[in-house]
Amino acid sequence: MSAVGQNPMSSIRAKVEAGERLSFDDGLFLEQEADLFTLGELANLVRERKNGNNAYYNVNTHINPTNVCVYRCVFCAFRADLKSPKGYVMSDAEIIERAAQAEARGATEMHIVGGLHHQFPYDWYLNVVRLIHEASPRLHLKAYTAVEWDWFGRLTGRPTRDILAEFKDAGLGSLPGGGAEIFHPEVRDIICEHKADADAWLRIHREAHELGLRSNATMLYGHIEKPHHRIDHLYRLRELQDQTGGFQTFIPLAFHPDNTKLGADRKIKKASVLMDLRTMAISRLMLDNFAHIKAYWIMLGIKTAQLALSYGADDIDGTVVHEKIYHDAGSDSPQETTVADLRRLIEEAGRIPVERDTLYNEVVRKEGEWQIGRRLELV
Ligand code: V47
Ligand code: SF4
């Protein structure tokens with residue numbers, strides 16, 4: 001019983017029903033004591049309050065121009081050393097061809113992330129965005145994580161704000177949420193010690209928001225982190241969102257241990273479905289100022305993504321195509337799916353499928369063409 005004699009769960013329920021904010025201790029209580037059904041019930045209440053019965057998807061594609069990376073994050077199965085036979089670099093022609101294929105398939109978005117190559121100058125990364133934007137101007141370019149922006153700053157000695165502005169002029173549309181991992185240094189210093197720290201990640205997203213660029217946020221869970229690290233992570237994101245309002249979607253990412261040093265050294269198994277659903281629900285409850293929570297089907301698998309639509313999630317990401325990060329780390333979900341399958345997945349879960357663009361405008365399709373429709377309200 002709490003100091004005022006009320007069971008913590010009753011007080012949390014009352015706060016959620018009244019639309020009041022949960023505290024750090026409420027979050028810890030949910031992590032440690034709440035049962036899955038209660039978490040699901042409360043998260044679903046918030047999910048339906050913010051997004052009704054809609055479940056969003058998009059038609060997109062991923063491109064990872066290189067996997068060669070100076071960093072050695074121990075959870076990453078995607079990266080390659082400079083001289084490794086696994087390393088690759090896409091040519092300009094391959095990049096343009098990939099964008100043309102995406103356009104031909106009716107994609108509205110290209111998600112661009114990759115390694116930080118030991119030898120490539122700043123202009124190489126800028127050129128990727130320029131090339132794609134000039135060849136396929138209708139594609140929204142959601143490009144480079146805060147870790148990459150931080151690297152561009154280290155390469156050039158320039159402020160990241162100026163770099164973001166230069167990329168925006170070259171065709172950058174928004175920032176993906178990767179690279180956040182776990183902010184708390186007790187964990188970050190072990191799993192990715194050299195790359196952008198929490199302050200740099202948050203500062204870069206703030207700068208992007210101030211320049212009018214929207215962004216996403218992620219959290220990598222199911223490895224060495226403890227409940228208080230996850231709540232601390234959500235808390236820091238909520239604080240920044242209070243100040244800028246620039247985040248669109250939060251995506252909890254389950255650690256996939258295959259072919260990773262972290263998985264091998266600590267003998268970590270992939271998170272259970274229960275852990276996936278609990279994390280989804282707690283994220284929905286703590287991030288009261290985020291409009292959307294994404295159940296990334298490539299990472300969760302289709303069955304768990306369907307369930308997650310009743311545990312706080314309102315978005316399942318897109319058709320994807322050419323996914324590497326999760327497949328290198330053992331994901332057994334397909335690399336791509338069709339719009340018909342995505343819509344069926346959503347309908348089977350009892351939700352209404354709505355195609356969105358990256359910025360949450362409805363996409364209207366007619367006779368093989370697409371147009372931007374009404375703005376899907378952000379709450
Ligand atoms: O930053 C890397 C994670 C992220 C592993 O913004 C791993 O819409 C689990 O951020 N197991 C990149 N996770 C992916 C990402 C993302 C994905 C989909 C949509 C959006 C969006 C963003 O993947 C990395 C890292 O946190 N990651 N390796 C692994 N073995
Ligand atoms: Fe490099 Fe990103 Fe992999 Fe870290 S997670 S090793 S920064 S590719």
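# Strand pairing, burial and cavities

Tutor: Phenylalanine 250 stands opposite isoleucine 293 in β8. The model is predicted: local features need pLDDT of at least 70, side-chain atom pairs count only at pLDDT 80 or more, and totals for chains, interfaces and linings use all residues. Residues are numbered from 1 along each chain as its sequence is written, chains are lettered from A and ligands numbered from 1 in the order in which they are written, and side-chain values use heavy atoms, without hydrogens and water.

Student: What makes β7 and β8 a pair of strands?

Tutor: Two bridges join β7 to β8, and the strands run parallel. Pairing requires that DSSP find at least two bridges between two strands, so this contact meets the criterion. The elements themselves are DSSP runs numbered from the N terminus: a strand is a run of E with at least two residues, and a helix a run of H or I with at least four. In general, strands of a sheet pair through backbone hydrogen bonds, either parallel or antiparallel.

Student: Which strands make up the open sheet, and in what order?

Tutor: The open sheet has seven strands in the order β2-β3-β4-β5-β6-β7-β8, with parallel pairing.

Student: Why are β2 and β8 said to stand at the edges?

Tutor: Each of β2 (60-63) and β8 (292-293) has a single partner strand, so one side of each is left without a neighbour in the sheet. For β2, four bridges link the strand in the parallel sense to β3 (residues 109-112), and asparagine 60 faces glutamate 109 there.

Student: How is β5 connected to its neighbours, β4 and β6?

Tutor: β5 (residues 172-175) runs parallel to β4 (residues 140-143), with two bridges between them. Two bridges also join β5 to β6 (residues 214-221), again in parallel. Serine 174 takes part in both contacts: lysine 142 stands opposite this serine, and arginine 214 is its bridge partner in β6. Further along the sheet, β6 and β7 run parallel and are joined by six bridges, one partnership being that of tyrosine 221 with alanine 254 in β7.

Student: Why is phenylalanine 247 called buried or exposed?

Tutor: Phenylalanine 247 belongs to strand β7 and has a relative accessible area of 2%. Buried means under 20%, exposed over 50% and partly exposed in between (1.4 Å probe, protein chains only); phenylalanine 247 is therefore buried. Its strand follows suit, as eight of the eight residues of β7 are buried.

Student: What class does glutamate 17 receive on that scale?

Tutor: Glutamate 17, in helix α1 (residues 8-18), has 47% relative accessibility and therefore counts as partly exposed. The C-alpha atom of glutamate 17 is separated by 8.0 Å from that of leucine 42, 25 residues apart along the chain.

Student: What is notable in the phi angle of aspartate 317?

Tutor: Phi is near 70 degrees, a positive value in a residue other than glycine. Aspartate 317 lies in strand β9 (residues 315-318) and, at 3% relative accessible area, is buried. Tyrosine 360 also has a positive phi, near 60 degrees. This tyrosine is in the loop between β10 (352-355) and β11 (361-366), and its relative accessible area of 0% makes it buried.

Student: How many cavities does the search find, and how much space lies in the largest cavity?

Tutor: Three cavities of 30 Å³ or more are found in the whole structure, and the largest holds about 770 Å³. A cavity is a set of points on a 1 Å grid over the protein atoms alone where a 1.4 Å probe fits but cannot get out; lining residues have an atom within 4 Å of a point. By that rule 43 residues line the largest cavity, the closest to its centre being Thr145, Gly178, Gly179, Glu181 and Ile325.

Student: How do you know where ligand 2 sits?

Tutor: A molecule sits in a cavity if more than half of its atoms lie within 2 Å of the grid points; ligand 2 sits in the largest cavity. The residues around ligand 2, each with a heavy atom within 4 Å, are Cys69, Tyr71, Cys73, Phe75, Cys76, Phe78, Arg79 and Lys195.

Student: What makes up this shell by class?

Tutor: The shell has six nonpolar, no polar and two charged residues. Ala, Val, Leu, Ile, Met, Phe, Trp, Tyr, Cys and Pro count as nonpolar, Asp, Glu, Lys and Arg as charged, and the others, Gly among them, as polar. The lining of the largest cavity divides into 20 nonpolar, 13 polar and 10 charged residues.

Methods
On a 1 Å grid over the protein atoms alone, a cavity is a set of points where a 1.4 Å probe fits but cannot get out, and a pocket is an open set with protein on both sides within 12 Å along at least five of seven lines; lining residues have an atom within 4 Å of a point. Grid points are joined across faces, edges and corners, and a volume is the space filled by probe spheres set on the points.
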